[in-house]
Amino acid sequence: MIRAIAQIALREWKRILTRKDHYIVLLVLPAFLFFFYALIFDKQQAEDLPVAVWDDDRSPVSRQITFLLEQTASIHITHAVSSETEMRQLMQEKKIIGAVHFPKNMETDIKSRHPVKVAVYTNASALIPSKLVYKDASTVIITAGSGVNLQKFMKTGMTQGKAMALIMPVSLELFTLYNPTYNYQNYLVPGLATVAMMMMIIMVTVLMFNKEWEEGTAQEMAAMGKGHAGILFAGKTIAHLTASWVNFALVFGVIFPIFSMFHAGTWWNLFVMFNLMSLACIGIGAMVSVLMMDVMLALDFGIFYTSPAFVFSGFTFPRWGMPWYDQYYAAIMPYTPFLDAFFKLYFMELPLRYAGPEALRLLLFIGFTFFIAVFFLQKRLQKTPSHAVPLAAS
């Protein structure tokens with residue numbers, strides 16, 4: 001039996017390497033796509049974002065804060081405006097991503113300890129740039145506003161510690177974990193690469209069995225497996241699983257180290273979860289391939305099923321905030337539990353045991369789809385005459 005499985009796996013590898021639609025999707029396209037993803041986000045994070053200043057105070061303090069804003073990594077002062085209408089116009093024309101408004105008499109009110117409201121406007125349609133502008137602007141404004149009063153108190157002979165206690169009786173320290181600089185490359189590229197791998201595996205495996213009948217090779221395949229669906233399924237699964245390892249090695253062994261995205265100590269845990277996701281994808285593809293003998297229909301299903309994976313997975317928007325039907329759709333995709341585990345193992349660098357619930361969900365995917373695929377494949381083999389006639393010719 002082991003020899004038969006090995007022969008079928010070798011035969012499937014030959015099919016992958018000799019069929020254009022197989023090797024382009026599984027072996028050629030990923031290399032191009034993954035490097036492309038990494039290159040377009042090579043700048044890693046948004047810097048020097050255009051920001052306007054609306055200064056109604058025109059005081060030394062407002063000019064000092066403007067100078068400090070310019071020194072931050074994310075903010076670059078490009079415009080000076082004199083009204084909210086002008087500021088909104090610039091934002092609608094996409095000439096600025098944000099603006100800061102200093103109210104009239106700001107310096108006087110700060111020194112007299114009257115409440116001062118400095119407004120920070122951000123264009124939240126660009127979520128990450130707006131968060132970067134807000135983060136840096138709020139830090140500068142709070143620090144600068146406190147500094148004015150700090151100098152005032154210290155000139156009266158008060159110690160720095162006592163002056164700080166008067167100005168800020170409660171101090172707030174903000175810790176942004178796992179991606180503190182909102183790095184595009186570190187965050188988006190792993191997600192885009194892994195969802196692409198999932199789509200490619202499914203799009204090829206939906207052709208795993210129905211293509212045999214279409215091309216008239218089903219009889220040869222059945223003979224190699226001695227009529228046992230389990231042997232055929234095992235051999236083909238091994239071939240597609242090992243093909244997926246090529247892309248895993250490409251992403252985590254080549255691209256991540258080249259672009260400094262590799263997290264030491266995570267690759268083995270990721271490899272385990274990647275294998276579970278790959279097997280779940282192979283199971284789904286094989287199940288579709290057995291149930292849908294029409295190749296075009298199977299491909300249409302693969303595209304329909306995998307296309308929303310990135311959106312519904314929760315990578316860019318929390319799933320709990322989605323409508324219930326989107327959450328159910330996310331639950332029937334193997335990428336969703338893999339992504340949950342990926343966050344734990346890659347970004348948080350947690351031990352593999354923390355991905356136990358996600359591993360269990362993927363095992364359920366594997367068990368269910370493998371059973372359905374083998375069961376109906378056996379039924380189809382029993383209906384296949386010893387001198388099988390290609391479906392295309394019938």
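This report covers annotated spans, one helix pair, one long-range packing site and several loop residues in a predicted model.

**Annotated spans**

The unreviewed UniProt entry lists eight stretches under "transmembrane region": residues 23–41, 163–181, 187–209, 230–255, 267–288, 295–316, 328–347 and 359–377. Two of them are described here. Residues 187–209 are 83% helix and 0% strand. Their end C-alpha atoms lie 37 Å apart. Residues 295–316 are 73% helix, again with 0% strand. For that span the end C-alpha atoms are 33 Å apart.

**The α2 and α8 pair**

Helix α2 covers residues 20–40, and helix α8 covers residues 184–205. Their axes come within 10 Å and cross at roughly 170 degrees. Angles over 145 degrees count as roughly antiparallel, so α2 is roughly antiparallel to α8. On the α2 side, the contact is made by H22, V25, L26, L29, P30, L33, F34, Y37 and A38. On the α8 side, it is made by Q185, V189, L192, A193, A196, M197, M200, I201 and V204. By class, the contact residues divide into 16 nonpolar, two polar and no charged.

Why might contact positions recur along a helix? An α-helix has 3.6 residues a turn, so residues three or four places apart point the same way.

Q185 deserves a second look. This residue sits in helix α8 and belongs to the contact with α2. Is Q185 buried or exposed? Its relative accessible area is 0%, and the cut-off for buried is under 20%, so Q185 counts as buried. Further along the chain, M199 is 14 residues from Q185 in sequence. The C-alpha atoms of Q185 and M199 are 21 Å apart.

**Helix α12**

Helix α12 runs over residues 267–291 and has 25 residues. From its first C-alpha to its last it reaches 35 Å. That is close to the 36 Å expected at 1.5 Å a residue. The helix is mostly covered, with 21 of its 25 residues buried.

**M333 and its contacts**

M333 is placed in the loop between α15 (324–331) and α16 (335–347). Its relative accessibility is 0%, so M333 counts as buried. Which residues does M333 contact, leaving aside neighbours within four places in sequence? They are Y305, P308, A309, F312 and F365. F233 lies 100 residues from M333 along the chain. Their C-alpha atoms are separated by 21 Å.

**Loop residues**

Four loop residues are set side by side below.

| Residue | Loop | Relative accessible area |
|---|---|---|
| D48 | between α2 and β1 (49–55) | 46%, partly exposed |
| T176 | between α7 (160–167) and α8 | 23%, partly exposed |
| S260 | between α11 (229–258) and α12 | 58%, exposed |
| G321 | between α14 (309–312) and α15 | 39%, partly exposed |

Two of these entries concern backbone phi. Most residues other than glycine have a negative phi, and most peptide bonds are trans. D48 is not a glycine, yet its phi is positive, at about 50 degrees. S260 is also a residue other than glycine, and its phi is positive, near 55 degrees. The accessibility cut-off separates the two: exposed means over 50% and partly exposed lies between 20% and that value. At 46%, D48 is therefore partly exposed. At 58%, S260 is therefore exposed.

T176 has contacts beyond its sequence neighbours. Not counting residues up to four places away in sequence, T176 touches K135 and Y182.

G321 is compared with I284 by distance. The two are 37 residues apart along the chain. The C-alpha atoms of G321 and I284 are separated by 27 Å.

How values were computed:
Residues are numbered from 1 along each chain as its sequence is written. This is a predicted model: local features need pLDDT of at least 70, side-chain atom pairs count only at pLDDT 80 or more; totals for chains, interfaces and linings use all residues. Side-chain values use heavy atoms; hydrogens and water are left out. UniProt positions are given in the numbering used here, feature names are shortened, and annotations may be inferred rather than shown by experiment. Helices (H or I, at least four residues) and strands (E, at least two) are DSSP runs, numbered from the N terminus. Axes are lines fitted to C-alpha atoms, for helices over the stretch in contact, and angles run from 0 to 180 degrees between N-to-C directions. Angles under 35 degrees count as roughly parallel, over 145 as roughly antiparallel, 65 to 115 as roughly perpendicular and the rest as oblique. Contact means heavy atoms within 4.5 Å. Ala, Val, Leu, Ile, Met, Phe, Trp, Tyr, Cys and Pro count as nonpolar, Asp, Glu, Lys and Arg as charged, and the others, Gly among them, as polar. Buried means under 20% relative accessible area, exposed over 50%, partly exposed in between (1.4 Å probe, protein chains only). The expected span of a helix is 1.5 Å times one less than its number of residues.
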